[in-house]
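Let's take a walk through this structure together, starting from one loop and working towards the core and the ligand. Keep the viewer open so that you can follow each stop.

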Amino acid sequence: MTHLDNSPSTPGKFKMDKSPYIHRLRWHGSLAKLTFWSFVFLGMILIFFFRSPSSNSLPSDPSRRSLRTYNWGGPAWEKRVRSSARVRSRHGISVLVTGAAGFVGTHVSAALKRRGDGVLGLDCFNDYYDPSLKRARQALLERSGVFIVEGDINDVALLSKLFEVVAFTHVMHLAAQAGVRYAMENPGSYVHSNIAGLVNLLEVCKNANPQPAIVWASSSSVYGLNTKVPFSERDRTDQPASLYAATKKAGEEIAHTYNHIYGLSLTGLRFFTVYGPWGRPDMAYFFFTRDILKGKTIPIFEAANHGTVARDFTYIDDIVKGCLASLDTAEKSTGSGGKKKGPAQLRVFNLGNTSPVPVTDLVTILERLLKVKAKRNIMKLPRNGDVQFTHANISSAQRELGYKPTTDLQTGLKKFVRWYLSYYSGGKKASG
Ligand SMILES: O=C(O)[C@H]1O[C@H](OP(=O)(O)OP(=O)(O)OC[C@H]2O[C@@H](n3ccc(=O)[nH]c3=O)[C@H](O)[C@@H]2O)[C@H](O)[C@@H](O)[C@H]1O
């Protein structure tokens, strides 16, 4: 007789043969199996959770960003907002700085605060690059009395609340998705911040009473494939080479619309490759420094036929002066309560250095300052948004803003390297 022959032929027979002992055994057996599989299942969930791409090392996708919630509101919060935005000098202005924990935002906020203006920051602290650097900038600003509200420029309720609490005279709008090459990886984030975010902000500004004057960050990248040098504000900007550039160009057109319909005073600043202490780790001068120190090979782009790739690198202190002069010369918006009352100011300025430097020379300067030879890998300029060169004509900014850059690349990089070495010593690691 085989074991198969021992099997009950009918359920009834099986039931009759079952002893209480066997029943208990089966019951315990099933319980053990159930417990075992529950643990396996729980383990799989935990493994999935910890290995999922939502870990902090990856930049957030735009939809996740828009779902983030921030804590704001309440009497204590409003008191901090008011106190930070309070003007402390005779002819001071009160400015909402968006992107205040960003590179340019931090420097501009600190400079405004130093001269007695009221400054309130706004930043969403996203993880496009190392958020700990943004937190360190926030701590720096906090020490000088600038409060940064955590929130997204797409949050209309938050923006409206800020204008309810403070009658800002000016907005310095620097919050944006930056970076030329990253636009191919995450196009949605550019639409989210540079287009939707800008429109939201302008909607709230146009409804505010009084309407603030707005100065905002456009980009040298709007010149795209333009080959006429130096780039003048009157040159064509209808051939962007990256989605980043296209969203900044769209921003300039959106600014025109809000100026035309609602009487908002708007000034767009075309920044040319801004660098310096507290800079952005995604920019070449920054990660070249990190990688040269690590002994890693750095990719240096060259154009077709060994053509030189060059940038009109502009030092942060010069940019800050241009930003403050733009705020100081901005005329008032003319509308109120969403209605235009008369024509308002609409401006665009190049803020560059007017002396382009080849990227290979930038690397040579860094080698000298770091006292380390770079491992160079010369490669073809990828077709992912980079243009071959930029060169600003700044006569318009000179005339109307008194803008006059004074820092050459050698001097500016020296200051950057000094900051970099002190910031990343003492256990902090470079990342980006
Ligand atoms: O003016 C602007 O409006 C923009 O400036 C900045 O863009 P870019 O001028 O492209 O700066 P950045 O990436 O530092 O590359 C610098 C140089 O290094 C070359 N480059 C770059 C990377 C690399 O691996 N190798 C290399 O040779 C590269 O070809 C380039 O020649 C801001 O990031 C951008 O947000 C925007 O504000």
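Our starting point is Lys 371, which sits in the loop between α12 (359-370) and β13 (375-380). The model you are looking at is predicted. Is Lys 371 buried or exposed? Lys 371 has 6 other C-beta atoms within 10 Å, and because a residue with 12 or fewer is classed as exposed, Lys 371 is exposed. The backbone of Lys 371 is worth a look as well: its phi is near 55°, a positive value in a residue other than glycine.

Asn 305 gives us another case of this kind. Its phi is near 55°, again positive in a residue that is not glycine. Asn 305 belongs to the loop between β8 and β9 (310-311). Asn 305 counts as exposed because it has 5 C-beta neighbours inside 10 Å.

While we are on backbone geometry, let us turn to the cis peptide bonds. One of them runs from Asn 209 to Pro 210, with omega near 5°, and Pro 210 lies in the loop between α8 and β5. A cis bond also joins Val 229 and Pro 230, where omega is about -10°. Pro 230 is located in the loop between β5 and α9.

Now step back to see the chain as a whole. It contains 14 helices and 13 strands. Of its 432 residues, 41% are buried. If you consider the contacts with a separation of 6 or more, residues 24 or more positions apart account for 82% of them.

To see how part of the interior is put together, go to helix α4 (residues 75-85). Which residues of α4 are buried? They are Val 81, Ser 84 and Ala 85. These three cover an arc of only 95° around the axis, and therefore lie on the same side of α4. The general background is familiar: an α-helix has 3.6 residues a turn, so residues three or four places apart point the same way. On the face of α4 turned away from the buried side, you will find the exposed residues Pro 75, Ala 76, Lys 79 and Ser 83. And what do the buried residues of α4 pack against? Their partners are β1 (94-98), β2 (118-123), β3 (147-150) and α7 (156-165).

Follow the chain onward from α4 and you reach Gly 92, in the loop between α4 and β1. Gly 92 is classed as partly exposed because 16 other C-beta atoms lie within 10 Å. Leaving aside residues up to four places away in sequence, Gly 92 touches Val 87, Gly 116, Asp 117 and Gly 118. Gly 92 and Asp 328 are 236 residues apart along the chain, yet their C-alpha atoms are separated by 9.6 Å.

Beyond this loop comes β1, which leads us to strand β4 (residues 170-173). Strands β1 and β4 pair in the parallel sense over 4 bridges, and Thr 98 stands opposite His 173 in β4. Strand β4 also pairs with strand β5 (residues 213-219), in the parallel sense and over 4 bridges. In that pairing, His 173 stands opposite Trp 216 in β5. The side chains of β4 are easy to sort: His 170 and Met 172 point one way, Val 171 and His 173 point the other way, and all are buried. Together with helix α8 (residues 187-207), strands β4 and β5 make a right-handed β-α-β unit.

A short detour takes us to helix α9 (residues 243-262), where Glu 253 lies. Glu 253 is counted as exposed because it has 9 C-beta neighbours inside 10 Å. Glu 253 is 50 residues from Glu 203 in sequence, and the C-alpha to C-alpha separation in space is 15 Å.

Our last stop is the ligand. Which of the 18 residues around the ligand come nearest? They are Ala 178, Ser 219, Met 283, Ala 284 and Phe 301. Strand β8 (residues 297-302) supplies the largest share of this shell, with 3 residues. By residue class, the shell holds 11 nonpolar, 5 polar and 2 charged residues.

Key:
Residues numbered from 1 in each chain as written. Predicted model: local features only at pLDDT ≥ 70, side-chain atom pairs only at ≥ 80, totals over all residues. Buried ≥ 20, exposed ≤ 12 C-beta atoms within 10 Å, placed from the backbone. Helix = DSSP H or I, 4+ residues; strand = E, 2+ residues; numbered from the N terminus. Arc of directions from axis to C-beta. Contact = placed C-beta atoms within 7 Å. Near = placed C-beta within 6 Å. Nonpolar A, V, L, I, M, F, W, Y, C, P; charged D, E, K, R; others polar. Pairing = 2+ DSSP bridges. Right-handed = clockwise from strand over helix to strand, strands pointing away.
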